[in-house]
Amino acid sequence: QRTDRSTFEMAQWMFLRVEANISSSTPKAVIILSLHGAILSAVILQGDRIVREAPVSVRNLVGVLVVGLFLAAVGALWFAFNSVAPRIAKDTGTKSLLFFGSIARMAKTEFVKLFSGTDRAKFSLDLIEEVHALSGLADSKHRMFVQAFRIVLYLEIPLMAVIALLVALG
(Lines give C-alpha, C1' and ligand atoms only; values in the text may rest on other atoms or scores of the structure.)
Protein backbone atom coordinates (compact mmCIF):
# COMPACT_ATOMS: atom_id res chain seq x y z
CA GLN A 1 0.00 0.00 0.00
CA ARG A 2 1.44 3.33 -1.11
CA THR A 3 1.68 6.05 1.57
CA ASP A 4 4.15 8.45 0.03
CA ARG A 5 3.71 12.17 -0.56
CA SER A 6 1.81 11.65 -3.81
CA THR A 7 -0.82 9.52 -2.04
CA PHE A 8 -1.33 12.23 0.56
CA GLU A 9 -1.56 14.97 -2.07
CA MET A 10 -4.03 12.95 -4.16
CA ALA A 11 -6.21 12.29 -1.11
CA GLN A 12 -6.00 15.94 -0.08
CA TRP A 13 -7.03 17.06 -3.58
CA MET A 14 -9.97 14.62 -3.59
CA PHE A 15 -11.07 15.72 -0.12
CA LEU A 16 -11.10 19.39 -1.15
CA ARG A 17 -12.91 18.57 -4.39
CA VAL A 18 -15.66 16.60 -2.64
CA GLU A 19 -15.99 19.28 0.04
CA ALA A 20 -16.32 21.95 -2.68
CA ASN A 21 -19.00 19.87 -4.40
CA ILE A 22 -21.04 19.72 -1.19
CA SER A 23 -20.61 23.47 -0.59
CA SER A 24 -21.56 24.40 -4.15
CA SER A 25 -24.95 22.71 -3.84
CA THR A 26 -26.25 25.38 -1.46
CA PRO A 27 -26.53 28.32 -3.93
CA LYS A 28 -28.30 26.09 -6.46
CA ALA A 29 -30.77 24.92 -3.84
CA VAL A 30 -31.37 28.52 -2.70
CA ILE A 31 -32.51 29.36 -6.24
CA ILE A 32 -34.96 26.44 -6.21
CA LEU A 33 -36.14 27.34 -2.70
CA SER A 34 -36.74 30.98 -3.69
CA LEU A 35 -38.57 29.99 -6.85
CA HIS A 36 -40.82 27.73 -4.84
CA GLY A 37 -41.66 30.44 -2.36
CA ALA A 38 -43.11 32.37 -5.31
CA ILE A 39 -44.81 29.35 -6.91
CA LEU A 40 -46.41 28.20 -3.67
CA SER A 41 -47.52 31.73 -2.81
CA ALA A 42 -49.10 32.15 -6.23
CA VAL A 43 -50.87 28.80 -6.10
CA ILE A 44 -52.10 29.26 -2.52
CA LEU A 45 -53.13 32.91 -2.87
CA GLN A 46 -54.25 32.99 -6.51
CA GLY A 47 -55.14 29.39 -7.34
CA ASP A 48 -58.85 29.91 -6.77
CA ARG A 49 -58.87 33.05 -8.96
CA ILE A 50 -56.94 31.25 -11.72
CA VAL A 51 -59.55 28.47 -11.74
CA ARG A 52 -62.47 30.95 -11.73
CA GLU A 53 -60.97 32.86 -14.69
CA ALA A 54 -60.61 29.73 -16.77
CA PRO A 55 -63.34 28.99 -19.31
CA VAL A 56 -66.14 26.89 -17.83
CA SER A 57 -65.35 24.05 -20.23
CA VAL A 58 -61.83 23.60 -18.79
CA ARG A 59 -62.32 24.91 -15.25
CA ASN A 60 -62.15 21.46 -13.62
CA LEU A 61 -59.05 20.58 -15.64
CA VAL A 62 -57.38 23.85 -14.63
CA GLY A 63 -58.26 23.13 -11.00
CA VAL A 64 -56.65 19.69 -11.21
CA LEU A 65 -53.56 21.20 -12.88
CA VAL A 66 -53.28 23.88 -10.18
CA VAL A 67 -53.43 21.18 -7.49
CA GLY A 68 -50.83 19.19 -9.48
CA LEU A 69 -48.59 22.27 -9.62
CA PHE A 70 -48.95 22.74 -5.86
CA LEU A 71 -48.05 19.09 -5.18
CA ALA A 72 -45.09 19.21 -7.60
CA ALA A 73 -43.82 22.40 -5.94
CA VAL A 74 -44.09 20.82 -2.49
CA GLY A 75 -42.18 17.76 -3.78
CA ALA A 76 -39.43 19.88 -5.33
CA LEU A 77 -39.21 21.93 -2.15
CA TRP A 78 -38.81 18.76 -0.09
CA PHE A 79 -35.98 17.49 -2.32
CA ALA A 80 -34.29 20.93 -2.37
CA PHE A 81 -34.37 21.18 1.42
CA ASN A 82 -32.97 17.66 1.68
CA SER A 83 -30.14 18.57 -0.66
CA VAL A 84 -28.91 21.27 1.74
CA ALA A 85 -29.96 19.79 5.07
CA PRO A 86 -27.00 19.51 7.44
CA ARG A 87 -25.90 15.88 7.58
CA ILE A 88 -22.95 13.87 8.70
CA ALA A 89 -21.42 11.32 6.38
CA LYS A 90 -22.41 7.80 7.50
CA ASP A 91 -18.96 6.24 7.49
CA THR A 92 -17.07 9.03 9.22
CA GLY A 93 -14.62 7.56 11.67
CA THR A 94 -15.24 7.97 15.38
CA LYS A 95 -11.56 8.84 15.98
CA SER A 96 -11.00 10.74 12.75
CA LEU A 97 -8.61 13.66 12.97
CA LEU A 98 -10.42 15.29 10.05
CA PHE A 99 -14.06 15.19 11.13
CA PHE A 100 -15.16 18.03 13.41
CA GLY A 101 -17.68 15.80 15.22
CA SER A 102 -15.10 13.25 16.32
CA ILE A 103 -12.62 16.00 17.19
CA ALA A 104 -15.24 17.79 19.30
CA ARG A 105 -16.00 14.58 21.23
CA MET A 106 -12.32 14.21 22.19
CA ALA A 107 -10.79 15.96 25.13
CA LYS A 108 -8.42 18.68 24.00
CA THR A 109 -5.41 16.82 25.38
CA GLU A 110 -6.47 13.60 23.63
CA PHE A 111 -6.83 15.40 20.30
CA VAL A 112 -3.48 17.16 20.64
CA LYS A 113 -1.79 13.87 21.56
CA LEU A 114 -3.42 11.93 18.68
CA PHE A 115 -2.73 14.67 16.15
CA SER A 116 0.86 15.17 17.24
CA GLY A 117 1.53 11.43 17.24
CA THR A 118 -0.01 10.65 13.86
CA ASP A 119 2.45 9.97 11.08
CA ARG A 120 1.86 10.72 7.40
CA ALA A 121 0.75 7.16 6.62
CA LYS A 122 -1.96 7.14 9.32
CA PHE A 123 -3.10 10.65 8.44
CA SER A 124 -3.21 9.74 4.74
CA LEU A 125 -5.37 6.72 5.53
CA ASP A 126 -7.71 8.87 7.63
CA LEU A 127 -7.90 11.38 4.79
CA ILE A 128 -8.65 8.66 2.24
CA GLU A 129 -11.40 7.20 4.46
CA GLU A 130 -12.92 10.66 4.90
CA VAL A 131 -12.88 11.19 1.12
CA HIS A 132 -14.94 8.03 0.76
CA ALA A 133 -17.37 9.02 3.52
CA LEU A 134 -17.83 12.54 2.15
CA SER A 135 -18.31 11.19 -1.37
CA GLY A 136 -21.34 9.24 -0.17
CA LEU A 137 -22.75 12.38 1.42
CA ALA A 138 -22.07 14.45 -1.71
CA ASP A 139 -23.72 11.82 -3.89
CA SER A 140 -26.83 11.76 -1.69
CA LYS A 141 -27.14 15.55 -1.70
CA HIS A 142 -26.58 15.69 -5.45
CA ARG A 143 -29.29 13.08 -6.12
CA MET A 144 -31.76 15.07 -4.00
CA PHE A 145 -31.01 18.27 -5.92
CA VAL A 146 -31.32 16.46 -9.26
CA GLN A 147 -34.78 15.21 -8.22
CA ALA A 148 -35.86 18.75 -7.30
CA PHE A 149 -34.55 20.04 -10.63
CA ARG A 150 -36.34 17.28 -12.58
CA ILE A 151 -39.63 18.14 -10.90
CA VAL A 152 -39.19 21.78 -11.92
CA LEU A 153 -38.17 20.92 -15.47
CA TYR A 154 -40.55 18.06 -16.26
CA LEU A 155 -43.60 18.85 -14.13
CA GLU A 156 -43.81 22.43 -12.94
CA ILE A 157 -42.80 24.29 -16.09
CA PRO A 158 -45.14 22.22 -18.33
CA LEU A 159 -47.98 22.54 -15.79
CA MET A 160 -47.57 26.32 -15.61
CA ALA A 161 -47.51 26.53 -19.42
CA VAL A 162 -50.65 24.41 -19.82
CA ILE A 163 -52.49 26.36 -17.11
CA ALA A 164 -51.53 29.67 -18.74
CA LEU A 165 -52.63 28.46 -22.17
CA LEU A 166 -55.95 27.12 -20.95
CA VAL A 167 -56.76 30.31 -19.08
CA ALA A 168 -55.54 32.59 -21.92
CA LEU A 169 -57.37 30.73 -24.68
CA GLY A 170 -60.66 31.02 -22.82
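Which helix gives the most to the lining of the largest pocket? It's helix 1, with six residues.

This is a predicted model, so local features need pLDDT of at least 70 and side-chain atom pairs count only at pLDDT 80 or more, while totals for chains, interfaces and linings use all residues. Residues are numbered from 1 along each chain as its sequence is written, and side-chain values use heavy atoms, leaving out hydrogens and water.

**View 1. The largest pocket and its lining.** Here's a space of about 330 Å³, the volume being what probe spheres fill when set on grid points joined across faces, edges and corners. A pocket here is an open set of points on a 1 Å grid over the protein atoms alone, where a 1.4 Å probe fits, with protein on both sides within 12 Å along at least five of seven lines; lining residues have an atom within 4 Å of a point. There are 21 lining residues, and Glu 19, Arg 87, Phe 100, Leu 134 and Leu 137 lie nearest the centre. Helix 1 (5–53), helix 2 (59–84) and helix 5 (120–168) each give two or more residues to this lining; helices are DSSP runs (H or I, at least four residues) numbered from the N terminus. By type, the lining splits into twelve nonpolar, five polar and four charged residues (Ala, Val, Leu, Ile, Met, Phe, Trp, Tyr, Cys and Pro count as nonpolar, Asp, Glu, Lys and Arg as charged, the others, Gly among them, as polar).

**View 2. Phe 111 and Phe 115 in helix 4.** These two sit four residues apart, about one turn of the helix, which spans residues 108–117. Their rings make a tilted aromatic pair, 5.7 Å centre to centre with 35° between the planes (pairs have ring centres within 6.5 Å; under 30 degrees is stacked, over 60 edge-to-face, the rest tilted). Add Phe 123 and you've got one aromatic cluster. Phe 111 is partly exposed at 23% relative accessible area, and Phe 115 is partly exposed at 43% (buried is under 20%, exposed over 50%, partly exposed in between, with a 1.4 Å probe and protein chains only).

**View 3. The largest nonpolar core.** Such a core is a set of buried Ala, Val, Leu, Ile, Met, Phe, Trp, Tyr and Cys residues joined through side-chain atoms within 4.5 Å. This one has 23 residues, with Ile 32, Val 62, Val 66, Leu 69 and Ile 163 touching the most other members. Helix 2 gives the most to this core, nine residues.

Conventions:
Rings of Phe, Tyr and Trp (its six-membered ring) pair if their centres lie within 6.5 Å; planes under 30 degrees apart count as stacked, over 60 as edge-to-face and the rest as tilted.
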